[in-house]
Amino acid sequence: MPDEPAAQDAPAPTGVSRRGMLAGALLAGAGGLAVGAAAGGGAAWALAPGPPAADDVVDLSVSYPFYGQTHQGGIATEPQRHCVFMSFRFDESADRGALQALLARWSAAAAVLQQGNPIGAVQPEVAVRPPADTGEAFGLSPAGLTVTVGLGPKVFGTRFGLSAQRPALFTELPVLNGDDLDPKLIGGDLSVQACADDPQVCYHAVRNLARLGRGIVYPYWAVLGFGRASAGPGQQTPRNLLGFKDGTRNIATADDYRRFVWITNGDQPWLEGGTYQVVRKIRMLLETWDTDRVGNQQQIIGRHKENGAPLSGNHEFDTPDFSARTADDLVIDPVSHVALAAHENNGGIMIRRRSYNYTDGLDDNGELNAGLLFVSYQNDPRHFIDIQNRLGAHDLLNEYIRHIGSAIFVVPPAPEQGHYLGQPLFA
Ligand code: HEM
């Protein structure tokens, strides 16, 4: 079941309307095209006037419990608006005891952070000591923070005495179709995904966990995500940087979570209720994309740009009809992104996508350095591998994207109160 927030979604004093902020920005702007069109009131693409929709309001007072949740947060949790992902590597000196201590520290810290509290004194009484908490989130609301911790393949090497606990399905990802990986963005021994509705809250969480890990792990690669490029039911579907709605057909029902996301009856009892996390940093070639005709963009994705409807339908949530034909051809190109990825054409496989947009500013050529922090959760890594191999071999989208970062982690279930993440591994 998707996790429920501890506080309900009622508009709170801290609520900020994105639409309100945008409208304000447009009005404050120097008489640009949008302002003129909105004043004329005739443009189909102008913002609709009126109060913000309920799901357009960010309630920063929402907090999620960390302990006793069966599954870690940040997987089925309704996607927050920002995300920081960090992959860590083990220090050479890290041993079994150090790994245990780190997981215990991270668990205790995550529980406190998710309640909107610092992990220790921001201003210690002894002025010559560094503060226990770095302080940049002091006084901020919990902002729906979830901290999700994953274990990389090296956790199950001989070094920690955990080889017998390695799930049979868990190995490094093989080379996949479409890989164009930067050696600095591959793999990792532990992962932290911190998602929240306030970017400073996410960053603070990851920064402080990294600090707690010093001497045991060191940060290896990281991505700062924004824009909630994936959504469940009842939300306005967000858009990726190609301008298309992303998340329309995603895992959302409890039944699909049971079938495709949570590990049950696996070979490792400690992993019941866990899942596998795949992270891909996918650069988009935005300058090229932005010169493409919208008709071609739609053919590539297999959906209409503005309302997100499949090319065979009229409304966003219409089921795509992959056999619908015009006089000469199929309406949805069989090598469009959705035709290749859809479960109908994929042996029934589904994955939980929980992606965010990212930008790293400009590259050395002055081009937009941006794309998708693609994160998927599945109870069998082969589900991701099979879909990616189909996409990487045939997807029309490949001309506009590059898979530059990649990692896989196994995500243990959430600990009970008084325990820590992965504790049964060490029993
Ligand atoms: C930059 C890279 C990507 C972009 C821009 C992108 C964009 C999209 C868009 C616009 C949709 C249609 C809306 C929706 O149903 O959510 C979609 C659907 C989907 N994508 Fe991607 N995607 C990307 C990468 C991937 C990757 C790497 C995978 C998995 C290996 C993937 C798997 C899927 C799946 C399973 C669907 C649902 C298809 C359906 O059931 O209709 N996507 N994607």
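N208 is in contact with I119, A132, D133, T134 and E136 in this predicted model, when neighbours within four places in sequence are left aside. The residue belongs to helix 4, which spans residues 199-212. With a relative accessible area of 0%, N208 falls under the 20% limit and is therefore buried.

The ligand site forms the second topic of this report. The ligand is surrounded by 27 residues. Those closest to the ligand are G247, T248, R249, H337 and R353. Three of the polar contacts with the ligand are set out below.

| Residue | Protein atom | Ligand atom | Distance |
|---|---|---|---|
| T248 | backbone N or O | oxygen | 3.0 Å |
| H337 | side-chain N or O | nitrogen | 2.8 Å |
| R353 | side-chain N or O | oxygen | 3.0 Å |

Several secondary-structure elements give two or more residues to the shell around the ligand: strand 7 (275-284), helix 8 (337-341), strand 10 (368-378), helix 9 (381-394) and strand 11 (401-411). Helix 9 makes the greatest contribution to this shell, with 4 residues.

The composition of the shell may also be described by residue class. Nonpolar residues number 16, while 6 residues are polar and 5 are charged. Within the surroundings of the ligand, H337 and R353 present side-chain N or O atoms to a ligand nitrogen atom and a ligand oxygen atom, respectively, whereas T248 presents a backbone N or O atom to a ligand oxygen atom.

Notes: Residues numbered from 1 in each chain as written. Predicted model: local features only at pLDDT ≥ 70, side-chain atom pairs only at ≥ 80, totals over all residues. Heavy atoms only, no water. Near = heavy atom within 4 Å. Polar contact = N/O pair within 3.5 Å; in protein donor to acceptor, adjacent residues only side chain to side chain. Nonpolar A, V, L, I, M, F, W, Y, C, P; charged D, E, K, R; others polar. Buried < 20%, exposed > 50% of the residue type's maximum accessible area, 1.4 Å probe, protein only. Contact = heavy atoms within 4.5 Å.
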